[in-house]
Amino acid sequence: DLAFRQTQRPVGSAPPGFVEWVVIAIFGLAASRAFLWLTFRHSGDVFVLSPYNLGDLALHIGLIRYLASGTTFWPESQILAGDVLKYPIGTDFLNSLLLRVGVPLVPGLVWVGLIGAALTLFALWRWGRGFAIAALLFGGGLAGFVLLRESFTAQQIVLRDVMGDEQWKNLFLTMLVTQRGLLFALPAGLLLLDEWRRRWLRNEPGCVAPWIQLVLYVALPLFNVHAFLFLSVMLAAIFLFGDRTTRLATVQFGAVALIPASIAVALVTGFFSAAGGIHWHPGWTMEADDNPIRSWVWNFGLMLPLWFVLLAEVVWRGDREARALVIPATVVFVVCAFVSFAVWPWDNMKLMLWCWLAIVPALWTRILAPLPIAATAALCFGLFFTGAVSLAAGLDGRHGYTLVRADHLDRTASALRDLDPDARFASAPDFAHPLILLGRKVAVGYEGHLWSHGLDYKPHLAQLDTLFNGRVGWQQAAAALGVRYLYWGRPERQRYGASPKPWAQQWPVAARGLGFVIYEVPPTPATE
């Protein structure tokens with residue numbers, strides 16, 4: 001309430017025009033479709049709408065339930081035995097609080113998604129009006145023009161996500177919908193950029209009190225570390241390009257934020273113990289194509305030449321605002337093309353997204369808007385056609401991807417009701433395992449999550465395989481993993497079906513259901 005009362009409405013902003021209202025309406029429809037059908041039950045299965053969200057949403061659902069179970073803080077890792085949680089948990093923690101006060105999981109996910117999308121829409125409007133909204137919704141390369149070629153050659157036209165096989169995918173589908181931390185980080189980060197632009201680059205009165213800016217900035221690592229890193233780069237750039245007053249203000253802001261922001265980064269990285277995976281990796285954007293020029297043109301289309309023209313114009317005759325925003329964003333974008341900032345190179349897109357959004361206001365005001373309206377319309381069509389096709393295909397009615405059998409999940413939940421909620425389970429490393437989705441701790445989670453988060457999981461996986469395969473030392477492996485229960489169900493049969501299952505003869509059954517058995521690990525493993 002205090003923050004709301006100390007926030008002022010921006011003045012001097014013209015109301016949306018017809019085209020901007022169309023873009024706003026499309027954003028609203030896309031957000032409604034994406035989040036109202038984020039996950040749903042149909043024909044006995046739990047579905048997710050987007051294939052991009054299968055692994056991500058399973059992780060988030062499990063983390064929400066895990067945090068809501070009453071675990072101590074800072075919590076242990078849910079998906080790796082003996083490790084501390086190393087993940088930006090901000091949005092999931094918010095959903096866990098809603099779950100604790102009685103808001104069901106799925107409605108909580110839907111409402112947080114819709115509110116986060118609405119705040120993102122508002123922040124995009126403040127940052128770059130309708131063009132910034134379109135840049136997030138429709139940014140894309142040239143892949144969509146394949147559909148136009150098919151129409152001219154009389155081939156059958158099939159609406160499909162034409163960016164699905166590219167590195168630069170539709171940002172709305174792959175970022176805002178799947179990366180739940182961006183539901184806070186995007187509106188907060190864009191609000192900060194807009195405030196810094198007003199106060200420090202234009203010398204205009206701001207709309208948000210300094211203490212609110214500080215809270216938003218130091219909270220960013222808890223939601224999205226990439227957003228915090230980019231905002232920090234932009235803060236440094238504003239210092240370099242600003243006047244004496246600006247430099248003093250940015251230094252004061254950074255000095256006050258240093259300790260709390262460092263604490264937040266330390267928490268989500270296990271006190272800086274997470275392997276960041278930063279490495280030299282030129283060409284990662286073209287791994288599916290051995291022709292670098294073709295790969296870049298196909299992925300980014302008109303975006304790159306327009307960006308180059310903007311950069312040249314800004315360097316030649318730009319003001320301090322344009323230089324403070326465009327030059328550092330360009331540098332970060334180019335560095336991301338050669339250096340991978342995570343184990344999984346595609347995570348660089350979490351930085352490249354910010355680079356693109358940072359330059360779009362200048363791209364519009366300095367390059368596109370001054371052109372004749374026909375030229376502006378043609379260039380916008382070239383910029384956004386592919387992304388629009390991808391968005392429409394990604395949200396159409398044919399979609400729906402099975403996450404887990406609903407009855408399997410419900411039966412497992414019933415069997416777990418009387419078991420210790422803090423106990424760790426041995427289970428197959430499956431991203432949609434019922435134990436994960438129900439918020440229970442497992443010895444080794446899905447390898448894709450562990451690897452992409454930079455966690456050292458291979459020794460634990462070897463012990464898990466020893467246990468489930470019943471090899472020599474399987475009891476000692478159970479003790480080393482610190483598991484209290486062993487789950488044997490469909491995922492385990494698929495991965496370890498040839499196991500002799502020695503624990504079935506030696507360990508008592510703690511619970512069972514149709515298709516699975518849960519064994520209790522003795523407190524002191526028997527010696528062989």
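## Asp-465 and its contacts

Leaving aside neighbours within four places in sequence, Asp-465 is in contact with Arg-471, Arg-495 and Tyr-496. In this predicted model, Asp-465 belongs to helix H20, which covers residues 458-468. The relative accessible area of Asp-465 is 17%; because buried means under 20%, Asp-465 is classed as buried.

## The largest nonpolar core

The largest nonpolar core has 166 residues, and those touching the most other members are Phe-27, Phe-172, Trp-196, Tyr-217, Phe-230, Trp-356 and Ile-518. Helix H5 (residues 105-138) supplies the largest share of this core, with 17 residues. In soluble globular proteins, nonpolar side chains tend to be buried together.

Which residues does Phe-172 touch, not counting those up to four places away in sequence? They are Phe-27, Ala-30, Ala-31, Ala-34, Leu-136, Leu-137, Val-177, Leu-391 and Leu-395.

## Helix H2: buried residues and cover

Helix H2 comprises the 19 residues 18-36. At 1.5 Å a residue they should span 27 Å, and the end C-alpha atoms are 27 Å apart, so the expected and modelled values agree. The buried residues of H2 are Glu-20, Val-23, Ile-24, Phe-27, Ala-30, Ala-31, Arg-33, Ala-34 and Phe-35. Their cover includes H5, helix H7 (171-176), helix H8 (182-201) and helix H16 (373-394).

Phe-27 is found in H2 and is buried, with a relative accessible area of 1%. Apart from neighbours within four places in sequence, its contacts are Ala-117, Thr-120, Leu-121, Leu-124, Ile-133, Leu-136, Leu-137, Phe-172 and Leu-176. The C-alpha atom of Phe-27 is separated by 32 Å from that of Asp-319, and the two residues are 292 residues apart along the chain.

## Helix H2: the surface patch

Phe-18, Val-19, Val-22 and Ile-26 make a nonpolar surface patch of about 390 Å². An α-helix has 3.6 residues a turn, so residues three or four places apart point the same way.

Is Ile-26 buried or partly exposed? Ile-26, which lies in H2, counts as partly exposed because its relative accessibility is 32% and the partly exposed class lies between 20% and 50%.

## Helix H14

Helix H14 comprises the 19 residues 320-338. Their expected span at 1.5 Å a residue is 27 Å, and the end C-alpha atoms are 28 Å apart, which agrees. The buried residues of H14 are Glu-321, Ala-322, Ala-324, Leu-325, Val-326, Pro-328, Ala-329, Thr-330, Val-332, Phe-333, Cys-336 and Ala-337.

Conventions:
Residues are numbered from 1 along each chain as its sequence is written. This is a predicted model: local features need pLDDT of at least 70, side-chain atom pairs count only at pLDDT 80 or more; totals for chains, interfaces and linings use all residues. Side-chain values use heavy atoms; hydrogens and water are left out. A nonpolar core is a set of buried Ala, Val, Leu, Ile, Met, Phe, Trp, Tyr and Cys residues joined through side-chain atoms within 4.5 Å. Buried means under 20% relative accessible area, exposed over 50%, partly exposed in between (1.4 Å probe, protein chains only). Helices (H or I, at least four residues) and strands (E, at least two) are DSSP runs, numbered from the N terminus. Contact means heavy atoms within 4.5 Å. The expected span of a helix is 1.5 Å times one less than its number of residues. Patches are made of residues with over 30% relative accessible area and no salt bridge: like charges are joined within 9 Å, nonpolar side chains (Val, Leu, Ile, Met, Phe, Trp, Tyr) within 5 Å. Accessible areas come from the Shrake-Rupley method with a 1.4 Å probe; for residues, only the protein chains shown count as cover. A salt bridge is a side-chain nitrogen of Lys or Arg within 4 Å of a carboxyl oxygen of Asp or Glu.
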